[in-house]
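Good morning, everyone, and thank you for making room for me today. Please keep the sequence and the picture in view while I talk, and stop me whenever a term is unclear.

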Amino acid sequence: MKKWLRRIRGALGMGVAWGLAWFSAGMVLRLIVGPGAADVPFPVGFGILGFLAGALFSGILGLVARGRRFHDLSLPRFAGWGAAGGLLFSVLLVLTATSTGAGALLDDLLVLGPLLAAAGAASAGGTLLLARRAEDRPLPDAGLDEGEPELGEESPRKRLRGH
């Protein structure tokens, strides 16, 4: 059960990270085209799409990169998985959001597919670079002096009792 909870937490974290990145892209787009240029609020809409795409990518990553560390994965392959996830997400989005005929579905997919595949590849590449950077950072030593025992040397109960 803990394994599934950890995977769900990871998918939510990936979704939030991608959602924030896509929200930022929406803010930039909003600044470029102006506030009255569209009916849909770009930042919020992009943020929601980014969250969903990030959570979907997390599932794909769990299937294809199981048991590997971030340093073991190549950036082009990781970005390729992100592009595949973006393409899959565009298919799911078009199928659920469009209620018109097959021609309109194909037109929507031809517009959204490459756009979301590129966004997925860029987001996945950024995710891998950030994850590698986080893996390289050493953990803080918590201010232990050289003379103090670390947790592994003496049990915490003995230290609390004064033995």
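I will go from the overall fold to the pockets, and then to the aromatic rings.

Before anything else, please keep in mind that what you see is a predicted model. The protein has 5 helices and 0 strands, so that, read along the sequence, its pattern is simply α-α-α-α-α. Of its 163 residues, 26% are buried. If we take the contacts in the protein with a separation of 6 or more, 67% of them come from residues that are 24 or more positions apart.

Let me turn to the pockets, beginning with the largest one, which holds about 890 Å³ of space. Its lining is made up of 29 residues, and those that lie nearest the centre of the pocket are Gly10, Met14, Ser58, Leu61 and Gly62. Three elements give two or more residues each to this lining, namely helix 1, which covers residues 2-33, helix 2, which covers 42-64, and helix 4, which covers 102-136. Which helix gives the most to the lining of the largest pocket? That is helix 1, with 11 residues. In chemical terms, the lining of the largest pocket is a mixture, with 14 nonpolar, 7 polar and 8 charged residues.

The second largest pocket holds about 220 Å³ of space, and helix 1, helix 2 and helix 4 each supply at least two residues of its lining. Here, however, helix 4 gives the most, with 6 residues. Among the residues that line this second pocket are Trp22, Phe46, Leu112 and Ser123, and the lining as a whole divides into 9 nonpolar residues, 1 polar residue and no charged ones. I would ask you to remember Trp22 from that list, since we meet this residue again in a moment.

That brings me to the aromatic rings, where a search of the whole structure finds 4 aromatic pairs. One of them joins Trp18 and Trp22, whose ring centres are 6.3 Å apart and whose planes are at 25 degrees, and because planes under 30 degrees apart count as stacked, this pair is stacked. Why are these two residues separated by about one helical turn? The reason is that Trp18 and Trp22 are 4 residues apart in helix 1. Trp18 has a relative accessibility of 3%, so Trp18 counts as buried, and Trp22, at 9%, counts as buried too.

A second pair is formed by Phe57 and Phe78, and this one is edge-to-face, with 5.4 Å from centre to centre and 80 degrees between the planes. The pair links distant parts of the chain, since Phe57 belongs to helix 2 and Phe78 to helix 3, which spans residues 75-97, with their positions 21 residues apart in the numbering. Are these two phenylalanines buried or exposed? Phe57 is buried, and Phe78 is buried as well.

If we now put the rings together, we find that ring pairs link Trp18, Trp22, Phe57, Phe78 and Trp81 into a cluster. So which residue has its charged end over the ring of Trp4? It is Arg7, whose charged end sits 5.4 Å from the centre of that ring.

Thank you for listening, and I am happy to take questions.

Technical notes
Residues are numbered from 1 along each chain as its sequence is written. This is a predicted model: local features need pLDDT of at least 70, side-chain atom pairs count only at pLDDT 80 or more; totals for chains, interfaces and linings use all residues. Side-chain values use heavy atoms; hydrogens and water are left out. On a 1 Å grid over the protein atoms alone, a cavity is a set of points where a 1.4 Å probe fits but cannot get out, and a pocket is an open set with protein on both sides within 12 Å along at least five of seven lines; lining residues have an atom within 4 Å of a point. Grid points are joined across faces, edges and corners, and a volume is the space filled by probe spheres set on the points. Ala, Val, Leu, Ile, Met, Phe, Trp, Tyr, Cys and Pro count as nonpolar, Asp, Glu, Lys and Arg as charged, and the others, Gly among them, as polar. Rings of Phe, Tyr and Trp (its six-membered ring) pair if their centres lie within 6.5 Å; planes under 30 degrees apart count as stacked, over 60 as edge-to-face and the rest as tilted. Buried means under 20% relative accessible area, exposed over 50%, partly exposed in between (1.4 Å probe, protein chains only). A charge sits over a ring if NZ of Lys or CZ of Arg is within 6 Å of the ring centre and within 35 degrees of the ring normal. Contact means heavy atoms within 4.5 Å.
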